[in-house]
Amino acid sequence: MPRGSGRNLSMNEAQSQLQALLDAVVPFRDAVEQHPLYVELTSLERVHVFMEHHVFAVWDFMCLLKGLQQQLTAPTVPWLPVGDPRTRRLINEIVLGEESDELPDGRVLSHFELYREAMTESGADVSAAVAFERELRQGRPVRKALLEVGVPVAAQEFVRQTLDIVEQDRPHVIAAVFTIGREQMVPQMFLKIVSSLATTHPGKLETFRLYLERHIELDRDEHGPLAIEMLKNLCGCDRSMWDEATNAAISALEGRGRFWDAVLKKVVAL
C-alpha cells in the first residue's frame, strides 16, 4: 500500500481507516493463525523445538511494549505529563498485565519469566535463553548477544526485525506491529494440541498451557481491545499514519510467517 497524502480525516473517516487496516491484514493474519506448524507439534520433543525458538519472540514482544511505554509516557525525572492521557493509560494497563501478571497461584510474574518456567518444567533446553539474558545484564548489545550465545538463526532474524521497529521514533508503527502482528495470535487450536499432550505427559506442560491460557484470556478480554484503541488514538486523523501502520502490520505478519516456516523445518526434521 503506498503511503498516503497526509490529508487529515474526520473521526468517522479515521474509524473507517481502522477498519480498512483490519481488513487489509486478514489474509496475512489468517496465514499465520492457520500455519501448518501448529498441527505438527505432535510430540513433547517437537514442542521443545518450538519453545526454544519462540522464547525469544516472547522476550522481544516485551521490547515492543516497553518501547511504546517509553515513547508514550514520561519515564524520566523530572516528570512531566506527555501526550494523550488516554493513550498513557492504555499502554500502562497493558504493561501491568504483561510485565507483572497475577497468576492463579497468587504469584506475580512477567510472561517472559512464566515462559522460562514453562520451558524448564517441560524439559526444553533453556540454556540459550539464560545465556542471552545474562549477556544483556552484563551490558552486551542485543545483536551481539544474539550471535554469541547460540540463539537459533530464525529467532535471531525475527528479533532483529523487531528491534528495527522499536528503534524507530514512530509510536504508531510500533503500536501497529504490537497490536496486529504479535502475541495476540495464539490459536485455540494450538491450546487444544498442548492440552492433549499435557494428558500424555503429566507434569510437563501445565505451565505452558497456563501461559497460553493467560494470553488468550487477556488478549480477548483486555489487551486486544486496549491495543486497538491505542492504535486508533495514535493514528488519529492522519491518513499517512494509517498507511504506515498498515504496511508495518503486514510486514510483521509476513515476518512471523517466515519465522514459523523456519521452525516448521526444524520440527519435521525430528
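**Salt bridges and a cis peptide bond in the predicted model**

R214 is buried, its relative accessible area being 12%, in a structure that is a predicted model rather than an experimental one. The side chain of R214 nevertheless takes part in a salt bridge with that of E217, the nitrogen-to-oxygen distance being 3.1 Å. Both residues belong to helix α11, which spans residues 206-235, and because they are 3 residues apart in that helix, about one helical turn separates E217 from R214. E217 counts as partly exposed, with a relative accessibility of 35%, whereas its partner R214 falls under the 20% cut-off that defines a buried residue. The contact between R214 and E217 is also part of a wider arrangement, in which D101, R214 and E217 are linked in a network of salt bridges.

The count of salt bridges in the model comes to 16, among them a pair formed by the side chains of K66 and E99, which meet at 3.1 Å, taken from N to O. K66 is situated in helix α3 (residues 44-72) and E99 in helix α4 (residues 85-99), so this salt bridge ties together parts of the chain that lie 33 residues apart in sequence. Both partners are classed as partly exposed, since the relative accessible area of K66 is 25% and that of E99 is 36%, values that fall in the range between the limits of 20% for buried and 50% for exposed residues.

A further salt bridge joins the side chains of E244 and R170, with an N to O distance of 3.7 Å. This pair, too, links distant parts of the chain, as E244 is found in helix α12 (residues 239-268) and R170 in the loop between α8 (153-166) and α9 (171-180), the two residues being 74 apart. With regard to accessibility, E244 counts as buried at 11%, while R170, with a relative accessible area of 29%, is partly exposed.

Turning to the backbone, the peptide bond that leads from V77 to P78 is cis, and its omega angle is near 5°. In general, most peptide bonds are trans. P78 is placed in the loop between α3 and α4, and these are the helices that hold K66 and E99, respectively.

Notes: Residues are numbered from 1 along each chain as its sequence is written. This is a predicted model: local features need pLDDT of at least 70, side-chain atom pairs count only at pLDDT 80 or more; totals for chains, interfaces and linings use all residues. Side-chain values use heavy atoms; hydrogens and water are left out. A salt bridge is a side-chain nitrogen of Lys or Arg within 4 Å of a carboxyl oxygen of Asp or Glu. Helices (H or I, at least four residues) and strands (E, at least two) are DSSP runs, numbered from the N terminus. Buried means under 20% relative accessible area, exposed over 50%, partly exposed in between (1.4 Å probe, protein chains only).
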